[in-house]
Every structure is written in C-alpha cells, then in structure tokens.
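Here are some exercises on helix packing and aromatic contacts. Try each task with the viewer open before you read its solution.

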Amino acid sequence: MGKEKISFKEVHHSHSPKTTLWWFFLVATCIKVLLFPAYRSTDFEVHRNWLALTHSLPLSQWYFDETSPWTLDYPPFFAYYERFLSIFAHLIDPQIVHLQEGLNYSSNKVVYFQRVTVILSDLSLLYGVYRLTRNLDSKKQKLIWSLIIWSPMLFIVDHVHFQYNGFLIGILLISLSYLEEGRDLLGGCIFAVLLCFKHLFAVAAPVYFIYLLRHYVWGGMIRGFSRLLIMGGVVTAVFASAFGPFFHLGQIQQVIRRLFPFGRGLCHAYWAPNFWVFYIMADKGLAFILRKLGFNIQMPAASFTAGLVGDSSPFSVLPKITPSVTFIMVLLALSPCLFKAWKNPKPQMIIRWIAYAYTCGFLFGWHVHEKASLHFVIPLAVVAAQAPEDARHYFLLSIGAYYHCISWTDSLLLLQRPTQALFNSGCVKAKPLG
C-alpha cells in the first residue's frame, strides 16, 4: 500500500506547473482554431494592409502611404513586427502582401494565416503569466491562468474581432514580473519596448516613472545619479532603435501625426462607456431643455465620434473638450496613485497601481477604444487571486467589461450586414439585396 502511495505522488509531481500551463494554452488554442471562420471586423483588413505596405514599400514610405484608408498608426516596433510576419505571408500567398491587389483580400489563406499569427503571438502572454505566477501556490496559479489564458475578452477582441492585444499585454506582464522581483532596470526597459509597439500603453508611464525614480534611482547622490543615467540610457536606446531610422529620414513629425490623430474626436465610433459619454449626454440634455424654454441653442446633427480622422461636432452648451483637457483629467485621477508610489514604492503593489492607471485612462482619456478595458482587466486577474475582496471587485468589473465587448461585437456584425441580420431575425420578410 505504501508503494502505491509513493507511486501516486511521483505521478502527481511529474506534471510540473510548466506542463499544466501548456495544457491551458493548448485548450485555448483549440477554441481559437474553432473561431477561424467567425466574424471579423475592419481591423482584419487593417493588419493585412500593414503586412502589404511594410512588405511592398521602403521604410521611408510606411507612414505616408494612403493606398488604403487604414493607414499605419502604430509605433515602429509594431511596423517592424508586421514586416517580419509579411515574409511568411508572401511565402503562403503573395497576394496577401500586394499593395493594390491585396485590398480587402479575404481568401481562406489570408484568414488562416492572420488568425495563426495572433495565436503564436500569444506566446508572450503565456510567458508573462508564467513569470508572474511561478512562485505562487498551485491553486492561485490555476485560478490566474484560467482568468487570463481563457479570458473571454481576449477571445472576442483578438480571435473574433481581430487584434494582437494578448501579445502586447504579454509584454506588459513580463515587465511587471521583473518589477515585482525588484529587477527595475529590466522591467523599465521592457516597458519602453512595449511603448514602441503600442503607444497607448503610455497611460501607465507616470506610474512607471514615479515608481522607478523612487525605488530604483533614489538613494544617495552618486548612486542615484549613476542609476538615473543607466535607466535613461537604456530607455533612450530602446526609443532610438525604434524611431531612429525615421528621425534620420526627417519623418518624425509625420510619424507623430499618425500616432496621435486627434481629429478622430473625443469618443471612438463605438463608444467606450466612460466619463465623456455622460458629459455628452448632459450637453444634449441641457440643449434640449434650453430649446424648450425658448433659448436659441444650436444642436449640431454631426456625431462626436469618428473611426477615421475627421472633424468632430462642437458641444451645444457645455465647454468643448480638447485632448489637453483629457490629459489633465487623467493626471488628476492618477495623482493619488502617484503619491502612494512615491511615498511607499512596494514591488507587491505595482500591478494594482498599473491597473489603476489604465482604469483612469479608460475613464477620462481621449478617443478611448472599448478594448482598452483589457489593459486593466487582465492585470487585475493577477490581483484577484490575492484576497476575496479583490476577487469580488474583479468579478464585477470583468463581467461589465465582457458584456460591453460582446455588445460591441454584436453591433459591429449588425452594421456590417444590416439587411442580412434583419432578414435572419425575421424583422424583414423580403429577400435581402446582395
């Protein structure tokens, strides 16, 4: 009997945490493969076009090309990544990376190829989750793995709608894992790399700056100054490797214009449920009431939203909101977190602070996309395993975010095929056109 118990323990311990995590990833991959034929949004064509322009054009034309309305508006590291993927796309089907003939190309080859690239890119998420959880007990590990690797939001946004958020959030988690270990220089370096992949993660930059200044740099004149130079040198080297070629070509202003298209309006075409939605509703409500009372109030018919760059409509009653106003609002909302990070820079708190920063950006930022909720929901999954109170907060927040993503995807599908959707629902009896 004793031998049987020893044998059972040996078999049980043979399944290492790494092996179990790979099983989690394998199950997620099977689900993602089943989603290959699912609906996909315009972002699918966006990334296909980026494959084509980075493959077909010299680097000097990447941020000027307007062959497609979906122009390149991510930082250079992501453009380089698209260029790397385009090598394999060309081998599979040259039309994928053809600048003209590839427009709106949607054969099975391009669909399968791009879907597979998202799955393989999620390996960064797998590594980030592993690094953050490798020292936790088995129950907490599996809880966090299920919340992140099997996240419904990532399935919807990345593997149905089509994005690379898992890949990018994986880089964020890797950076946070190094900060938790006290390896601040490497954590700061990886965050700089992340910003050169997608600049919208910069909302957390003030927290990184204050935390690293207090935890890594602070402490004596000579030691502090030398560490400041080291950290500054590493971050500068990362940004130089990304933006250096465009600086050499004299195209930095053009790159910046593409990265920050403020003309898209205060809200995204599919509104994120943040503070500015209530602000706009209040403006519309006040305008309606004042007009009923006899005041001459102009109510523009144009929308406050835009998917592409364009003029957003003015407010009727309340003061106009500019990008600088949203920037100040985000900083004000961040200030309690920055104060805590300066007063007591604990590595164990860094994930909470970063999640809080992205929550502030979601609530008060300019032209916030609905998928930006991933930036705080995924890190909070790590926090949720620490205490029942954290789990309750995560549960409520994640359910709201998941519901919003599902509603948003449904609305995109309805707008893409409106007549077909109405016909299938039974609301329209006539045969749909096209």
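## A charge over a ring

Arg 214 sits over the face of Trp 342, 5.3 Å from the ring centre. Keep in mind as you go that this is a predicted model.

**Exercise 1. Find another arginine over the face of a ring, and say which ring it is.**

Go to Arg 40: it lies over the face of Phe 44, at 5.1 Å from the ring centre. Now look at what Phe 44 belongs to. Ring pairs link it into a cluster with Trp 50, Trp 62, Tyr 74, Phe 77, Phe 78, Tyr 80, Tyr 81, Phe 162, Tyr 164, Phe 167 and Phe 197.

## Rings around Tyr 81

**Exercise 2. Classify the pairs that Tyr 81 makes with Phe 167 and with Phe 197, and say which helices they join.**

Two numbers will do the job: a pair of aromatic rings is described by the distance of the centres and the angle of the planes.

*Step 1.* Start with the total: the count comes to 30 aromatic pairs. For Tyr 81 and Phe 167, the ring centres are 4.8 Å apart and the planes stand at 15 degrees, so this pair is stacked. Planes count as stacked when they are under 30 degrees apart.

*Step 2.* Place the two residues. Tyr 81 lies in helix α4 (residues 76–92) and Phe 167 in helix α9 (residues 165–180), so the pair ties together parts that are 86 residues apart in sequence.

*Step 3.* Check burial. Tyr 81 is buried, with a relative accessible area of 16%, and Phe 167 is buried at 10%.

*Step 4.* Turn to Phe 197. Its ring centre and that of Tyr 81 are 6.5 Å apart with the planes at 75 degrees, so here the pair is edge-to-face. Phe 197 lies in helix α10 (residues 184–197) and Tyr 81 in α4, so this pair ties together parts 116 residues apart in sequence. Both Tyr 81 and Phe 197 are buried.

## Two helix pairs

**Exercise 3. Describe how α11 packs on α12, and how α6 packs on α9.**

Again, two numbers: packed helices are described by the angle between their axes and the distance between the axes.

*Step 1.* Helix α11 (residues 205–217) and helix α12 (residues 221–248) pack at an angle of about 135 degrees, and their axes are 9 Å apart. That makes α11 oblique to α12. Their crossing is right-handed.

*Step 2.* Who makes the contact? From α11 come Leu 212, Tyr 216 and Val 217, and from α12 come Arg 223, Gly 224, Arg 227, Leu 228, Ile 230 and Met 231.

*Step 3.* Now the other pair. The axes of helix α6 (residues 123–133) and α9 come within 7 Å and cross at roughly 25 degrees. The helices α6 and α9 are therefore roughly parallel to each other, and their crossing is left-handed.

*Step 4.* Pick out some contact residues: α6 contributes, among others, Tyr 127, Gly 128 and Leu 132, while α9 contributes residues including Phe 167, Gly 170 and Ile 174. Phe 167 is the residue whose ring stacks with that of Tyr 81.

**Exercise 4. Which residues of α11 are buried, and what do they pack against?**

*Step 1.* The buried residues are Val 207, Tyr 208, Ile 210, Tyr 211, Leu 212, Tyr 216 and Val 217.

*Step 2.* Those buried residues pack against α9, α10, α12, α15 (323–343) and α16 (350–364).

*Step 3.* Go just past the helix: α11 is followed by Gly 219, whose phi is positive, near 130 degrees.

## Two polar residues

**Exercise 5. Are Glu 45 and Ser 151 buried or exposed, and what does each touch?**

*Step 1.* Glu 45 has its place in helix α3 (residues 42–56). Its relative accessible area is 9%, and it is buried.

*Step 2.* Leaving out residues up to four places away in sequence, Glu 45 touches Trp 70, Gly 102, Leu 103, Asn 104 and Tyr 105. The C-alpha atoms of Glu 45 and Gly 102 are 9.5 Å apart, with their positions 57 residues apart along the chain.

*Step 3.* Ser 151 lies in the loop between α7 (138–149) and α8 (152–162). Ser 151 is buried too, with a relative accessible area of 1%.

*Step 4.* With the same sequence neighbours left out, Ser 151 touches Ser 146, Ile 378 and Tyr 402.

Notes: Residues are numbered from 1 along each chain as its sequence is written. This is a predicted model: local features need pLDDT of at least 70, side-chain atom pairs count only at pLDDT 80 or more; totals for chains, interfaces and linings use all residues. Side-chain values use heavy atoms; hydrogens and water are left out. Rings of Phe, Tyr and Trp (its six-membered ring) pair if their centres lie within 6.5 Å; planes under 30 degrees apart count as stacked, over 60 as edge-to-face and the rest as tilted. Helices (H or I, at least four residues) and strands (E, at least two) are DSSP runs, numbered from the N terminus. Buried means under 20% relative accessible area, exposed over 50%, partly exposed in between (1.4 Å probe, protein chains only). A charge sits over a ring if NZ of Lys or CZ of Arg is within 6 Å of the ring centre and within 35 degrees of the ring normal. Axes are lines fitted to C-alpha atoms, for helices over the stretch in contact, and angles run from 0 to 180 degrees between N-to-C directions. Angles under 35 degrees count as roughly parallel, over 145 as roughly antiparallel, 65 to 115 as roughly perpendicular and the rest as oblique. A crossing is left-handed if the near helix is turned anticlockwise from the far one by less than a right angle, and right-handed if clockwise. Contact means heavy atoms within 4.5 Å.
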